[in-house]
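Colleague: Can you walk me through the empty spaces in this one, and then one of its helices? I'd like to hear how each label is earned.

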Amino acid sequence: MSYKSEIGNVLNRKSDIEIANTANIKPIKEVAEKINVSDKYLELYGSYKAKIKNSLLQEHSSVPDGNLILVTAISPTPAGEGKTTTTIGLSDALNRLGVRAAAAIREPSLGPVFGIKGGAAGGGCSQVIPMEDINLHFTGDIHAVEKANNLLAALIDNHMYQGNKLQIDPRRIVWKRCMDMNDRQLRRITSGLGGRTNGVPREDGFDITVASEIMAILCLSENISELKKNLSKIIVGYTYDNHPVTAKQLNAQGAIALLLKDAVKPNLVQSLENNPVFIHGGPFANIAHGCNSLTATRMSLKLNEYTVTEAGFGADLGAEKFINIKCRKSGLSPSAVVIVASVRALKFHGNQDKKCLTEENTDALNRGIPNLLRHLENITRKFNLPAVVAINRFPSDTETEINLVRRKCQQFGISAAVSDVWSKGGEGGIDLANEVIRICAKSKPENSPRFTYSDSFPLTEKINAVVTKIYGAAGVKFTESAVKDMTQIEKMGLDTLPVCMAKTQYSFSDNPKALGAPSGFHISVTGLKACAGAGFIVVYTGEIMTMPGLPAFPAAEKIDINDDGTITGLS
């Protein structure tokens, strides 16, 4: 039987939601028992979801950490890479090999769920369940971040309405409202119209919730005390004489932290194979730092021999920020990095027409493979971390194409394993899991990540280091507005913070149409924002938007629910 026929029989053309709905889901208490989490640490959200109290982490502080596996990918394409699917499948495969393993991933945003990307709970036979809950409101963490963000916005406008004791310049408020939905109409608005009783008129705007600095703070703070300290540092705007105004000056941090009192606790769910999955935090990787919460990662490391985590989009975004921001702050160090690639996606990077990706084309594949090789070079030679390539297999892939990718990886000095987790679940990830275990066994302290820049570097040098070393660009062009922003940040003494690059995910460049591994280009930096609470400086490049819009044919148009509660179209 051919591979294509085999997976057709396995999945029987079922959608992700149909596969998830037929799963043998277990009570979350049973899943928690697999990693020795007792009832006293669980806060149940129904039968299949739970939050874990942060006291567990405190009481396990002396337990040695397990191995941390970072899953990243090539630059994403419409053809699909399967990073989350691989993350879940690898965790299931490790459990099949008899080691205790869990996945630690981000929470999906409603924007992509109803937009173009779809959900973020894996796919096929490697999913997290209950997938409909996870992809929708889940345990309310993102809503809590949204409300916390908008409370601060309301306090700012109320302060100005009530006399503006802090002398906040309404033209220089940098704190936006947010909503967890793709809605381009809200990017730039005018608020406070309709007379004095309706507030102070000013230009305003919305970010998507997962781009809020509060989401980043939630993911990088390890307890309530640190959370409040970081919230108090948020810069909301500037005075008429150009001094920063913080959340602390508005006495906002206590109330904001209260709204996040449950959101700070990691969520526990399960894979289709009933293995534990931590899902907590959801910052975007193209406009934020793109990693799940530090608390959930640390908790899983204390409870498991292997923790499989992922960073958003390609390695130039999520993995770069995982290392230069999350690892820098926490001291974490991946024992191995998995770089996910698919033959289809590499052919797309080689300029093969999207409609023809199921056709064998080694010429297009050869043209697209440099994208993978640049990511490999970054991970192994720039970041100094051991890596393996996971070739995420699709039904149309031919042995000739797969062998070509294997050969190119071997020539680079890196092993590659075919991953069939979409069609076979954990069983299809055994080869990949064995390779990960082999790499972890050889991993040494000297394999700790090498940062792209030093804290002491000037901002221009930090940005230039990422742009030239990681993106492969010739240099940086700063707009006049960006230079002004940098001067302000330096004046505030915040230039020692790491940079968080806001860039298109589709290319190493700031041009989403520049596929493969472009060179000779310049990155255009259009502005910078000091996120003093999160502990990094956001650097805006190209035409990046912090509030996405919906595509011509939104996923929302295919999603429905009937009278008995059956959901269709969710993926």
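Modeller: Sure. In the second largest pocket, α20 gives the most to the lining, with six residues. Keep in mind that this is a predicted model, where local features need pLDDT of at least 70 and side-chain atom pairs pLDDT 80 or more, while totals for chains, interfaces and linings use all residues. Residues are numbered from 1 along each chain as its sequence is written, and side-chain values use heavy atoms, without hydrogens and water.

Colleague: What makes a space a pocket, and what makes it a cavity?

Modeller: It's done on a 1 Å grid over the protein atoms alone: a cavity is a set of points where a 1.4 Å probe fits but cannot get out, whereas a pocket is an open set with protein on both sides within 12 Å along at least five of seven lines. Lining residues have an atom within 4 Å of a point. The second largest pocket holds about 1,200 Å³ and has 34 lining residues, with I173, V174, K176, R188 and Y540 nearest its centre. Besides α20 (480-491), elements that give two or more residues include β7 (168-173) and β22 (522-531).

Colleague: How many cavities are there of 30 Å³ or more?

Modeller: Four cavities reach that volume. The largest cavity has about 100 Å³, and of its 13 lining residues A211, I287, C531, V538 and Y540 are the closest to its centre. Strand β23 supplies the largest share of that lining, three residues. The second largest cavity has about 60 Å³, and helix α8 (residues 141-161) gives the largest share of its lining, three residues.

Colleague: Now α15. How do you know that its length fits a helix?

Modeller: The expected span is 1.5 Å times one less than the number of residues. Helix α15 (residues 362-382) has 21 residues, and its 29 Å from first C-alpha to last is close to the expected 30 Å.

Colleague: And where is the kink in α15?

Modeller: At G368, shortly before the proline P370, and it's about 30°. That bend is the angle between axes fitted to the seven residues ending there and the seven starting there.

Colleague: Why is G368 called buried?

Modeller: Buried means under 20% relative accessible area (1.4 Å probe, protein chains only), and G368 is listed among the buried residues of α15, along with others including L365, I369 and L372.

Colleague: What caps the N-terminal end of α15?

Modeller: N361 does, with a side-chain oxygen 3.2 Å from the backbone nitrogen of D363. A polar contact is a pair of N or O atoms within 3.5 Å, one able to donate a hydrogen and the other to accept it.

Key: Grid points are joined across faces, edges and corners, and a volume is the space filled by probe spheres set on the points. Helices (H or I, at least four residues) and strands (E, at least two) are DSSP runs, numbered from the N terminus. Buried means under 20% relative accessible area, exposed over 50%, partly exposed in between (1.4 Å probe, protein chains only).
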